[in-house]
Amino acid sequence: MMSTIRFLFCLFCGAAAAAQGLNWNIQSAAGRFGDQTPAVQQEKQSFHEPLSWRFPEPPAEEEPQFPPDFELKVPTAASSVSAVCGESSVRVEAKRDLLGIGNPVLPADVTLGGCPATGEDPDAQVLVFESELHRCGSQLQISEDSFVYEFTLIYTPSPLGDSPIVRTRDVTVSIQCHYPRKHDVSSRLLKPTWTPFSDTKASEENLYFSIRLMTDDWQFPRPSAQFLLGDMMKFEVSIKQFHHIPLRVTVDSCVATVVPNIDTVPRYVFMGNNGCLFDSQLTGSRSQFLPRSQDDKLQFEVEAFRFQQDENGVIYITCSMRATAATAAVDAANKACSFSNGWTEASGSHRTCSCCDTDCGTGSQTHLTGTGAQWEQETAVGPITVKERPLR
């Protein structure tokens, strides 16, 4: 019985081993002849609709929460510059805290028209600038009743080392000194017993000559420069004087041309020889100087004329003017002479006109001190149009 059981068990084990070997052989064969299982087909994914994702919206800005009593400061101008205008000079004081922000500026960064400070008050923290009226870049403006000297206080901050930042800015402060034209700025009687300021500074000072056409009554500047033959062209020459001693203005010569250039032709010299008005002597016209009523003004009239063969009738008149101290005597070099049955002088010094028919010389033009001081300027008027007078 036991022998029969052993035999059956051996058969079972043999069958199992045979089945395992057969399975291994089948797998090996499959490896040799390839897997006959169908492969899986792959394809690229595509999007038929656009993506709808986007960045989220930024959060809404919140209003700043200011304190209930908060107020922005209103900027106020810093009262840091003052000036005192004198008869011939100006004194300017500038606080070191020029901008009013608590930071003192460097003295070297502040100038008066390019002139450095002449002094400093360390206790008051003030820079002091003193200048004569015609220095330190001053500009002169003249009106009918006053003249104004304008200075500029300039602050140019130095760089803050090598940094690219600034904490101040360039600043300019305009300073004006006003003076009346017809009154002396001093309350004391002015006696010319000292060397006049205008004489000692004549080479550096500019005087303002003018020549203009006037209306028939000599009251106003003529608004039109158009005349008819036979009209009288009335000219007024003046000099605008301020800190100078009283001056007398004269006209040395006048030349008429068709263009504003005295060196062109045709040209007509109707006044010359240091103030001799030739026109009436040469042409028999009514041209003349009017009697002088003011030293700083001189009036003369010339009968209107045209150049021959000039259809336009346009002329330019260029005059050479001169100013001398009013205290200087009228002489052969400084006069205003007209011819009408002889020569007469506008101030009454008729004997000075005796040289008008010869040579009156050039006078002393190089003296710049005392009563011999002289200033000269050439000024043109034009274009002046002279038309023919129509016949009735």
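Which residue in β8 is the bridge partner of Phe 151? It's Ile 175, and that pairing is a handy way into this predicted model.

## The chain at a glance

Start with the overall tally for this prediction. The secondary structure of the protein chain comes to three helices and 20 strands. Of the 392 residues in the chain, 35% are buried. Take the contacts with a separation of 6 or more: residues 24 or more positions apart account for 65% of them.

As for the outside, the accessible surface of the protein chain is about 26,000 Å². Carbon and sulfur atoms hold 53% of that surface.

## Around strand β7

Back to the opening pair. Strand β7 covers residues 146–155, and it's mostly covered, with seven of its ten residues buried. Its pairing with β8 (residues 171–180) is antiparallel and runs over ten bridges; the Phe 151 and Ile 175 bridge belongs here.

β7 has other partners to look at. Strand β6 (residues 139–142) pairs with β7 in the antiparallel sense over four bridges, and Gln 139 stands opposite Glu 150 of β7. Strand β3 (residues 110–112) pairs with β7 over three bridges, again antiparallel. There, Leu 112 stands opposite Leu 153 in β7.

## Two open sheets

One open sheet has four strands in the order β1-β2-β5-β4, paired antiparallel. Its edges are β1 (81–85) and β4 (119–121), each of which pairs on one side only. From one strand to the next, the twist averages 20°. Inside this sheet, β2 (residues 89–95) and β5 (residues 126–132) pair antiparallel over seven bridges. If you want a spot to zoom in on, Ala 94 stands opposite Leu 127 in β5.

Another open sheet of four strands goes β9-β11-β16-β15, with antiparallel pairing. Here β9 (208–213) and β15 (288–289) are the edge strands, each pairing on one side only. Seven bridges join β11 (residues 232–240) to β16 (residues 297–303), and the two run antiparallel. Phe 235 stands opposite Phe 300 in β16.

## β13 and its neighbours

Next, have a look at β13. Strand β12 (residues 247–257) pairs with β13 in the antiparallel sense over four bridges, and the bridge partner of Val 255 in β13 is Val 269.

β13 is also joined to strand β14 (residues 276–277), by two bridges in an antiparallel arrangement. Met 271 stands opposite Leu 277 in β14. The hairpin of β13 and β14 has three residues between the strands, and in it Asn 273 takes a positive phi near 55°.

## Aromatic rings

A pair of aromatic rings is described by the distance of the centres and the angle of the planes. In this model, the count comes to eight aromatic pairs. One of them is Phe 270 with Phe 305: the ring centres are 6.3 Å apart and the planes sit at 65°, so the pair is edge-to-face. Phe 270 lies in strand β13 (residues 267–272), while Phe 305 is in the loop between β16 and β17 (314–325), so the pair ties together parts that are 35 residues apart in sequence. Phe 270 and Phe 305 are both buried.

Another pair is Phe 339 with Trp 343, whose ring centres are 5.2 Å apart with planes at 65°, so this one is edge-to-face too. Are these residues buried or partly exposed? Phe 339 has a relative accessible area of 25%, so it's partly exposed. Trp 343 comes in at 14% relative accessibility, so it counts as buried.

## A cluster and a charge

The Phe 270 story goes a bit further. Ring pairs link Phe 270 and Phe 305 with Tyr 268 and Phe 307 into a cluster. Elsewhere in the model, a charged side chain meets a ring: Arg 222 lies over the face of Phe 227, at 4.0 Å from the ring centre.

Technical notes: Residues are numbered from 1 along each chain as its sequence is written. This is a predicted model: local features need pLDDT of at least 70, side-chain atom pairs count only at pLDDT 80 or more; totals for chains, interfaces and linings use all residues. Side-chain values use heavy atoms; hydrogens and water are left out. Two strands pair if DSSP finds at least two bridges between them. Axes are lines fitted to C-alpha atoms, for helices over the stretch in contact, and angles run from 0 to 180 degrees between N-to-C directions. Buried means under 20% relative accessible area, exposed over 50%, partly exposed in between (1.4 Å probe, protein chains only). Rings of Phe, Tyr and Trp (its six-membered ring) pair if their centres lie within 6.5 Å; planes under 30 degrees apart count as stacked, over 60 as edge-to-face and the rest as tilted. A charge sits over a ring if NZ of Lys or CZ of Arg is within 6 Å of the ring centre and within 35 degrees of the ring normal. Contact means heavy atoms within 4.5 Å. Accessible areas come from the Shrake-Rupley method with a 1.4 Å probe; for residues, only the protein chains shown count as cover.
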